[in-house]
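User: I would like to learn how to read contacts between parts of a protein and around a ligand. Can you take me through an example?

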Amino acid sequence: MASKHSKKSAPVQTVKTVASQETEVAKSAVTTAVDNCDCSNESDLFKPTVEQFKQSIVNHLRRTIGTSEKKASNLAWWQAVVYAVNELVFERLTQTQATHAGNDTRAVNYLSAEFLMGRLTVNNLCNLEVYNTCKDALASLGVDINAICDEEPDMALGNGGLGRLAACYIDSLATLKYPSIGYGLHYENGLFRQEIRGGRQVERPDSWREYGCPWEVCRPESVQEIPVGGYVEDQVAPDGTIHKVWHPDHIIKAVPWDIPVVGFRGSSVTVLRLWESRANEQFNWDVFNAGGYVDAQEEKAASETISKVLYPNDSTEAGKMLRLTQQYFFCAASLRDILRRYNRAHHHDYSAFASKIAIQLNDTHPAIAVAELMRLLLDEEGLNWDSAWKIVTDVFAYTNHTLLPEALEKWPVYLFERLLPRHLEIIYEINARFLDGEVARKWPNDNGMRAKLSIIEEGPCRMVRMAHLSVIASRRVNGVAEIHSQLVREQLFPEFAQIWPDRFCNVTNGVTPRRWLLACNPGLAELYNEVSGKDWPLHLDSCAKMRPFADKPDFQKRFMDVKYKNKVALAAEIKKLCGVEVDPHAIFDVQVKRLHEYKRQHLNLLYILHLYRELLSDPTKTIVPQVFIFGAKAAPAYTLAKDIIYAINKIGERINNDHRIRNQLKVVFIPNYRVSLAEKIIPAADVSEQISTAGYEASGTSNMKFAMNGALTLGTMDGANIEIVAEAGEENNFIFGLSVQEVQDLKAKGYNPWDFYNSDADLKAVLDWLDTDYFTPGQPGALSSIKRSLLDHGDPFLVLADFASYRDAHKRVEELYKDKERWARAAIINSASMGKFSSDRSIEDYVHNIWSLKSYDVNNK
Ligand code: 26V
């Protein structure tokens, strides 16, 4: 748990007024950001002087990259900086690994199909406390650090919340010095790059390492060979026992790429190991020699396809085989790597395995690791079933990240038969023992219960339920916020929770304050340095020391000046990216997240239409100016989600160019939302839209980032919103809408969206507007699909039921914003109350309730 914050408040040394010099804004906002993290003397890490760092950069520019100061492009400068930083990181990495090996430490292996790392340069400079040094070194060479850091492509190796959470957790594991490693896939293409053409989303490939990624290191000495396909032979030994021998028909090479992740103040370095698939030339040599040159080339292409692309969250069936192969591929490679390291110290004595190894399954994507570890222990290491199963169930734990039925993974049995025949046998055996054991004991002769709990779903196409496999094999199953964990226990897996009540627990998500406050919001970081001392990035609870200042007018002014500067910087970015002029004095109301009906971007849009209608109906009407800012990628096959993006853009176009409303309302859709954009958007937000239908957003994590940066939440009682307002006070936020219970009751009673349409004239008018060509001249009906989904298709996420309450909440936002002092007070309290949502607290929860790790000071000798 988060440690309790001190009641004593630290004096604010100087309360100076920040001049609102708009021209200075963008520059100072970025540069002071991390200047403040160079000041500590606590780290025993070697820190270069400006001159030494400059020499290192120049050396790399000349000798590693082969160019000169005169000729170097920004990209070359960036690469040289990364190589200079790596000199510091690698030293620390070696020390970290030596410390862990020397102590034969227990470690967590975090298996995740996604790691949404974003950019690493500023973060690493900041964590090593050499940002200033680097900035000055570059300045002395006539180079602007911001310009070169902007060269770095985002590592977009994730879809959204789940992948970014994994990245925050790696940062915290390194910072808290826990022995750990992240395992994932080295996708050649990350999540698609989004372009907007004619208002519509177009997907383009994201080749993040087209020109190489200087952070990553290939480790050929740790290459693994991964078998796939083929058949299983039963061999009868002389003593009558049956041995299973798998004859795969392919071997794929797994090549590891390591990305070192350095903890705050260089505390320790955790490695993110990402596996790339390559053809196994050796294995294919026979085909080659037999004259099958073309066949060999085809096989090579197929093998290398495996790590080519990250799958978007999508509802289509396409690509199922490849996706299962991806999952198996990275799990099999990771497990071999884990076993190889374990055996270096333990020489195939597995009695200590479970005391040295914890494996966390980040959702069910790596669940096949359960069957693969069983296979390795049974078939390759010669353990018996009971010993192997004991190890497996001691080692694995599983985090559930969603209750959405369509997102719970199931794979057709026939795919397993083709790709992983031996694993399917093992899954059948796990299932039989479970059904005849735990299930039969609790519900004797109950075939209904057997069918319900079985790993295999019967039907015309038999399916393997990966969530059931994960629950059965894991010592802990956790949800990601209190309400979500309760629903996991009571509604998703109630029978499993009856069998194993102690298995189910909660770990509320968190985000790293290093990236999401220190590095992205320098102005606010500086205020925290003054009020809470310089250790707040390690002890976010200490930010509560800012609370007593929430009532002080001069402090309120400083806090809101920081916000204003961030808004000026974002306004410039919006002008650049969208061509739209926005006023930084307006309310910046932001909804940035993946596009999904349950997240209800269309509820937001209906309110915007309501506001626009109000303004048009009374041309003299004056409101608080508001800018509605969206950022969202839709899964490529999710038609309605793409229609909503189109609607936001078309409605925005019309509103932004309507002079009658005198710039009081603006709507912008920022294309290609990603981590590096989030870092610019979140510090500039006044209002954080967290408006999912209660019960559907497992946690949310941007809600935490926004509140940390002083935005007020306009949200439902869903996911972590509930815990956020418990910390920051409902009176400092805008809560609206049905509760989880009310949503369920309404659905049980029979929800009819037409009732709301017919009884609310305003809502009716707004919905009917979508059928006209007002926003799409000459094309009536171009936005009708949204209305149809809400009326003809039953409004599955209760948009209409929550509309009136949402509208009222917005009116409260406007009222409060008029009162500058009260708004500032609420913003400060929100920011100062987010101690609980540091990913350090989440990691400590995992450590104490699930992983049982010890942290190790890294010996720097
Ligand atoms: C997957 C799919 C696949 C099929 C189509 C619909 C759909 C919708 C969502 C998903 C994502 C499921 C996993 C996920 O990303 N969950 C998110 O995890 C975050 C970290 O725990 C959490 O904050 C978000 O609330 C949760 O949605």
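User: How many residue pairs are in polar contact across the interface of domain 1 and domain 2?

Analyst: This is a predicted model. Across that interface the rule finds nine residue pairs in polar contact, both residues being at pLDDT 80 or more.

User: Where do these domains run along the chain?

Analyst: Domain 1 covers 1–103 + 119–152, domain 2 covers 154–193 + 201–509 + 845–851, and domain 3 covers 566–837.

User: How many residues of domain 1 are in contact with domain 2, and what area is buried between them?

Analyst: Contact counts residues, while buried area counts surface. Here 29 residues of domain 1 touch 21 residues of domain 2. The area buried between the two is about 2,200 Å², and carbon and sulfur atoms give 61% of that area. On the domain 1 side, Leu-93, Leu-120 and Asn-127 lose the most area to domain 2, together 23% of what that side buries.

User: How many salt bridges are there between domain 1 and domain 2?

Analyst: A salt bridge pairs a side-chain nitrogen of Lys or Arg with a carboxyl oxygen of Asp or Glu within 4 Å. The count between domain 1 and domain 2 is two. As a separate example of reading a distance, the side chains of Arg-119 and Asp-154 form a salt bridge at 3.5 Å, N to O.

User: Why does the ligand lie between domain 2 and domain 3?

Analyst: Both domains give residues to the shell around the ligand, so the ligand lies between them. That shell divides into seven nonpolar, nine polar and four charged residues.

User: Which of the 20 residues around the ligand come nearest?

Analyst: They are His-401, Asn-509, Glu-697, Ser-699 and Gly-700. A polar side-chain atom of His-401 is 2.6 Å from a ligand oxygen atom, and one of Asn-509 is 2.9 Å from a ligand oxygen atom. Ala-698 has a polar backbone atom 3.3 Å from an oxygen atom of the ligand. The protein covers 87% of the 590 Å² of accessible area that the ligand has on its own.

Key
Residues numbered from 1 in each chain as written. Predicted model: local features only at pLDDT ≥ 70, side-chain atom pairs only at ≥ 80, totals over all residues. Heavy atoms only, no water. Near = heavy atom within 4 Å. Polar contact = N/O pair within 3.5 Å; in protein donor to acceptor, adjacent residues only side chain to side chain. Areas by Shrake-Rupley, 256 points an atom, 1.4 Å probe, with all protein chains shown as cover. Nonpolar A, V, L, I, M, F, W, Y, C, P; charged D, E, K, R; others polar. Domains from an automatic or database assignment. Contact = heavy atoms within 4.5 Å. Buried area = accessible area lost by both parts, 1.4 Å probe.
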